[in-house]
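The exercises below are meant for a reader who meets this structure for the first time. Please attempt each task before reading its solution.

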Amino acid sequence: MRVSALNIFPLKSARGISLNETQVDAFGLAGDRRWMVTEPSGKFVTQRDLPQLAQISAYADDNGLTLRMGSDEPLLAPATPDRRRQDVIIWDSTVNAAVADEEINQTISRWMERPLQLVHFDEVSRRTASVNWVGEETPVAFGDGYQVLITNTASLNALNENMATHGETTVGMERFRANIVLEHDVAWAEDGWEAVKIGDILFRLVKPCARCIMTTQDQATGSRDIASPMPAMGRMRMSADRSVPGPLFGWNAVPVGHGTIKVGDDAQSVGAKEPWAIKKR
């Protein structure tokens, strides 16, 4: 088993960036989901209710976040510590975040055709993953709830085979917005792993990922007028455990340790557990 792809999403729900290598720390892959779009009230906004976010490209560096959409000039949101701050809401978490300048917020609002603002999870911001699943407090930025999402190429192949059997167009791994994609030859093997080790870093698999409407959207345009993996996931991957309802694909993971991982690195499954219960059809 090896690492076949690495991805980060500097702006939550915008386009991802494929990497050849990346640093990993307690927050996950460096630069992943440190920025987010919210309503002026602070409520987070994603592709679930604003598919057009998929049209925004985002690149982060020490200077801040550079955004691009269509033919507009690039937009730089500086990473400065003296911004206005606001409590923002992401799922059940309240996070004190830095808010971008009004000119930047106006441009994003124009792009998305509704009032919005850009916020930054900076060095002052604090949030932790669910202790109920992780077992201890671990830091997380603007990910849906956990630090890293891991998927398996064999699982996607099995899903696509099911779709093809039912006359449905197949889909790519980009639909699932994974941070780490593992090349493996056994579909759903990840359901029975306690963890994955890559180099000196252990990634504890703490919770299966229940999938939503975002998997039905083109990750470059936001269009939903394309093939959907939802019917196949419904046939193959409906959770039988009420603690995580819905169709499952991939696992949320918590990193233990820090260092560099690269595409092509060997990966090893660590430990074994009873596979997650899937409804039989």
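Four exercises with worked solutions follow, and they concern a predicted model.

**Exercise 1.** Determine the order of the strands in the open sheet of eight strands, and state which strands stand at the edges.

*Solution.* Step one is to read the order, which is 2-1-14-13-17-16-15-19, with mixed pairing. Step two concerns the ends of this order: strand 2 (17–19) and strand 19 (267–272) each have a single partner strand, so one side of each lacks a neighbour in the sheet. Step three adds the twist: on average, neighbouring strands of this sheet are turned by 35° against each other, direction ignored. Step four looks at the pairing of strand 2, which is joined to strand 1 (residues 2–8) by three bridges, the two running antiparallel. Within this pairing, N7 has S18 in strand 2 as its bridge partner.

**Exercise 2.** Describe the surroundings of strand 17 (residues 248–256), and explain why it is largely enclosed.

*Solution.* Begin with the pairing to strand 13 (residues 148–152): three bridges join it to strand 17, and the two run antiparallel. Here I150 stands opposite W251. Next, take strand 16 (residues 201–210), which is joined to strand 17 by seven bridges, also in an antiparallel arrangement. In this pairing P208 stands opposite W251. Then add helix 3 (residues 153–165), which lies across strand 17 as well as strand 1, strand 13 and strand 14 (180–183). The helix runs at about 60° to strand 13. Finally, consider accessibility: eight of the nine residues of strand 17 are buried, so the rest of the structure largely encloses this strand.

**Exercise 3.** For R33, decide whether the residue is buried or exposed; for E113, decide the same.

*Solution.* First recall that most residues other than glycine have a negative phi. R33 has a positive phi, near 50°, and E113 has a positive phi, near 60°. Next, locate both residues. R33 lies in the loop between strand 4 (28–29) and strand 5 (35–38), while E113 is found in the loop between helix 1 (102–112) and strand 12 (117–120). Last, apply the cut-offs, under 20% for buried and over 50% for exposed. The relative accessibility of R33 is 11%, so R33 counts as buried. For E113 the value is 70%, so E113 counts as exposed.

**Exercise 4.** State which residues the UniProt annotation "domain: MOSC" covers, and give the helix and strand content there.

*Solution.* According to the unreviewed UniProt entry, the annotation covers residues 116–270. Over these residues the chain is 15% helix and 30% strand. The end C-alpha atoms of the stretch are 43 Å apart.

Note on methods: Residues are numbered from 1 along each chain as its sequence is written. This is a predicted model: local features need pLDDT of at least 70, side-chain atom pairs count only at pLDDT 80 or more; totals for chains, interfaces and linings use all residues. Side-chain values use heavy atoms; hydrogens and water are left out. Buried means under 20% relative accessible area, exposed over 50%, partly exposed in between (1.4 Å probe, protein chains only). Helices (H or I, at least four residues) and strands (E, at least two) are DSSP runs, numbered from the N terminus. Two strands pair if DSSP finds at least two bridges between them. UniProt positions are given in the numbering used here, feature names are shortened, and annotations may be inferred rather than shown by experiment. Axes are lines fitted to C-alpha atoms, for helices over the stretch in contact, and angles run from 0 to 180 degrees between N-to-C directions. Contact means heavy atoms within 4.5 Å.
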